[in-house]
Each structure stands twice: as structure tokens, then as C-alpha cells.
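The following report goes through a single protein model, taking surface, core, charged pairs and cysteines in turn. Please keep the sequence and the coordinates at hand while reading.

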Amino acid sequence: MHLVLILVALIVFIVFATSKLKLNPFITLLLASFLAAFAFGLPLDSIEQTIRTGFGNILGYIGLVIVLGTIIGVILERTGAAIVMAETIIKALGQRFPSLTMSLVGFIVSIPVFCDSGFVILNSLKRSMARTLSVSPVAMTVALSTGLFATHTLVPPTPGPIAAAGNLGLEDSLGLVIAVGFVFAVIAALAGLFWASRCRKLDSRELDLAEEAFEEAKEHYGELPSAWASFAPIFVPIVLICLGSVANYPTAPLGEGGLYEALNFLGKPLNALMIGLGFALLLLQGDKKLEEFARHTQKGLEVSAPIILITGAGGAFGTVLAATPLGEYLGDTLSTLGLSVIMPFLVAAALKSAQGSSTVALVTTSALVAPLLGQLGLDSEFGRVLTVMAIGAGAMTVSHANDSYFWVVSQFSKMDVATAYKSHTAATLLMGLVTIVCVWLVAQVAL
């Protein structure tokens, strides 16, 4: 029993240190690694090596993927490609279902671009559509924010889901994570869209803003790239990763010849994202492309560095837990309780709600539960994928005042805090609950 109490105390420490003491999650997880090692009685001469090995192993592969994915997202954001993607989707769907269109725009754009950046970029577009079509600005806001949030927490190559997949040993199965993540992200987005329809009567000051806001925002980017060039940097890598997963399916559907070798190589996430980066370079215009690329790369490194460090510290924490007798002790308890994917969801939801960051919740929870997958009945490839989905569902439950995304959504949409809680926060709660119920149902059938 004392082993469980130590685990609970470690979780409480992480929550308290990040939410109340405002310690950086990297330092918090590193401290938690040492505290866990001492508390569980690891040999003193092995503690340093265990932590160092756990930190290095996770970053040896997934760190490069996070960097490349982030740089591509920065380029899409700063060249106006995200705006082009949004406009293309609107033209394809028309304006008959504005809330659905806004949700889909957010759903697509947030795969490479962080949800808060995506909201800032698309806010003027949402505002323009709300005025032109006389649609509730609050409903449009919730549709956009939840569409962005769904893929942000569930679909690689967003850094949070990538890091979670890496912590759970799915580095070579990202294609499957992407495919399954898309399915559950659609479910989450539909839940958010449903709540958006319930928010039509809530008030916002946004209708008082200028109708030309979107056109003014577009002028900031200058000449915009084509639709094909805008979509290619993210969708080409996703297609390649998925084809690589198909090629490596146990039944060898593509044989073992040249086609298999080519897709196996191109489908490796690192290789696929390097190709995506090549397509992203085509978005750069003017005579100073190399200077532009250098600036975007620098920004991408600045954005990805904290995520990489947190991911590495999470890997160290998970490795320490794996070296303790905790997993063996829990084998006779968790497996009989039938918690399955519910346990990762609850931990991620507690962390998200307490400290605000979905990425931190994804990384920390995945590191925490990785040594316990066998005891939870999730120690198979698909079980690990469902664990990522459960953690992603928890990482969206809920976005409130300690989450920067909450303030981006509320302030850019001119909503007061009470309205933001009734609309955005309530929507993220519904998204998380609906998603975990669906994940649990799939786990009951498939595992």
C-alpha cells in the first residue's frame, strides 16, 4: 500500500509544484524523478544513470520529430499558408453551415499549428464570417476553438501527442496513432460543435468590430501561397507516415520489394517530416528566402525547446518508475479493477485542470502510465494507441482560467470570463467526457 501512497504523493507534488508554485514543468519532472528514485528505494549508484538514460532514450528519436513538426508549423503560420488552408475549406464547403465550416477549419489548421496560434490567425476570419452570415459570434468562437483543440490533443505531428506516443513506445507506429487520432478527434470536434449550437444566445462584444478585419489581416502576409503549396507541408508527411504503417502491416500488403523499401523509408516520421520541411521551403517568397527560413527556424527552435526538455524529463520520470517495484505491486490491483483507459484519462484530466497545459498533461501522464500498461491490460500496440487517445481526452478536460488558450479564446473574441466559462470551458469538458467514453467502448471491444 505504501507504494501507491508514494505514487499519489508524486502526482500531488507535480500538480502542486506546477500550478501553485509555478515551477517550470521540466524542473518539476526532474525533481519528481529524483524523489521517486529515493522514495522507492532505488540503489544510489544507479539513480543518476537511470534518469540520464530515460532522458536520452526518449529524445534520441522523438526530439527531432518535435523540432521539425514545430518548424513546419511556424512556417505555415508566418507565410499565411494557414489562412489559405482556411479559405480553401470555406470555398469547398460553401457558407450553408458556418459553424461546421469553422470547426473543420480549426480541425485542419491545428494539426501543424498550435491551437492558440491557430485561433489568433483565424480569429479575424471567424469574425468576418459571423458578421457576413449573421451567425452568433459565440457559437462561431466555440466551433473554432473546439475544432482547433481536438487535433491539438489527439493528432500527431502536434508535439503533445507525438511526445505521448514516444513515451509509450509508439515511435514506429505514428501512422496508426494519426489514423486513430483522426477518428477520435472528429468525435471530440462534433461534441464541441454540438455545444457551440447551444451557445447561440450568449452575448459577445465582437459584432461591434470592423467588418474588414479579415481582409486587413490578410494584408499582413503580402502575397499568399497557393492552396496546394499550403496543404503540402503537412499532408504529404501524414500520407507518407500512414503509407509506411500500411507497408509494415504484418500481412505485408505491399510485398517486400522496392515499393515496400521505398515506403518504409519515406514513412519513417523523421524522413517524412524532412520532406514536409522541403515543401514548406516552397512557401518562402522574395529574394531573402534563406534569411526568412533562418528566422522561422529560430522561432521553431524557441517554441520546441521547452517541449523537448519537458518530454525528456517525462521520459526520465517514466524510466525511474519502471525501475521500481510499483508495476509488480499494482499488477494484482489495477488489473482487477477494470480501470483500463480510465486511469490515464483521470490522471491527465487532473493535471490539465490543475496546471493548464495540455502538452504538460500529455507528456507527464504518458511517462507516468508507461510502466503500468501491462497491469492496465493495455500492453499491446493498439492498447498503447488507445492510451494516447485516453490521455489526449484528459488533456482537453478542461480549459479554464489557468490555461493560456482560455484567455486567447476569450480575449480575442471579446467575451467576459463568465461567458467564456459557459461556452469554451463547458465545451472542453463535454469533449473530454465524450471522447473518453468512446475510447473506453472501443477498448472493451478491441482489447
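Which residues make the nonpolar surface patch of about 670 Å²? In this predicted model, the patch is made by Val8, Val12, Phe16, Leu21, Leu23, Ile27, Leu31 and Leu35. Helix H1, spanning residues 2–19, and helix H2, spanning residues 25–39, each supply at least two residues of this nonpolar patch, while Leu23, another of its members, has its place in the loop between H1 and H2. With a relative accessible area of 32%, Leu23 is partly exposed.

The interior can be described through the largest nonpolar core, which has 134 residues and in which Leu122 and Phe317 are those with the most contacts. Helix H3, covering residues 44–78, gives the largest share of this core, namely 13 residues. When residues up to four places away in sequence are not counted, Leu122 touches Ala82, Ala86, Val105, Gly106, Val109, Leu144 and Leu148.

Side chains of opposite charge can pair when their charged atoms come close. A search of the whole structure finds 4 salt bridges, and the table includes three of them, each with the distance between its closest N and O atoms.

| Acidic residue | Basic residue | Closest N and O atoms |
|---|---|---|
| Glu48 | Arg52 | 2.9 Å |
| Glu292 | Arg295 | 2.0 Å |
| Asp379 | Arg384 | 2.4 Å |

Glu48 and Arg52 both lie in helix H3, where they are 4 residues apart, about one turn of the helix, and Glu48 is partly exposed at a relative accessible area of 47%. Glu292 and Arg295 belong to helix H14, which runs over residues 289–322, and because they are 3 residues apart there, about one helical turn separates them. Glu292 is partly exposed, with a relative accessible area of 25%, and Arg295 likewise counts as partly exposed, at 43% relative accessibility. For the pair of Arg384 and Asp379, the acidic partner Asp379 counts as partly exposed at 48% relative accessibility.

How many disulfides does a search of the whole structure find? The search finds 0. In the case of Cys199, the closest cysteine sulfur is that of Cys115, and it lies 18 Å from the sulfur of Cys199, so the two are too far apart for a bond, given that a disulfide requires sulfur atoms within 2.5 Å. Cys199 counts as buried, at 1% relative accessibility, whereas Cys242, at 24% relative accessibility, counts as partly exposed.

Definitions and conventions:
Residues numbered from 1 in each chain as written. Predicted model: local features only at pLDDT ≥ 70, side-chain atom pairs only at ≥ 80, totals over all residues. Heavy atoms only, no water. Patch = residues over 30% accessible without salt bridge, like charges linked within 9 Å, V, L, I, M, F, W, Y side chains within 5 Å. Areas by Shrake-Rupley, 256 points an atom, 1.4 Å probe, with all protein chains shown as cover. Salt bridge = Lys/Arg side-chain N within 4 Å of Asp/Glu carboxyl O. Buried < 20%, exposed > 50% of the residue type's maximum accessible area, 1.4 Å probe, protein only. Core = buried A, V, L, I, M, F, W, Y, C linked by side-chain atoms within 4.5 Å. Contact = heavy atoms within 4.5 Å.
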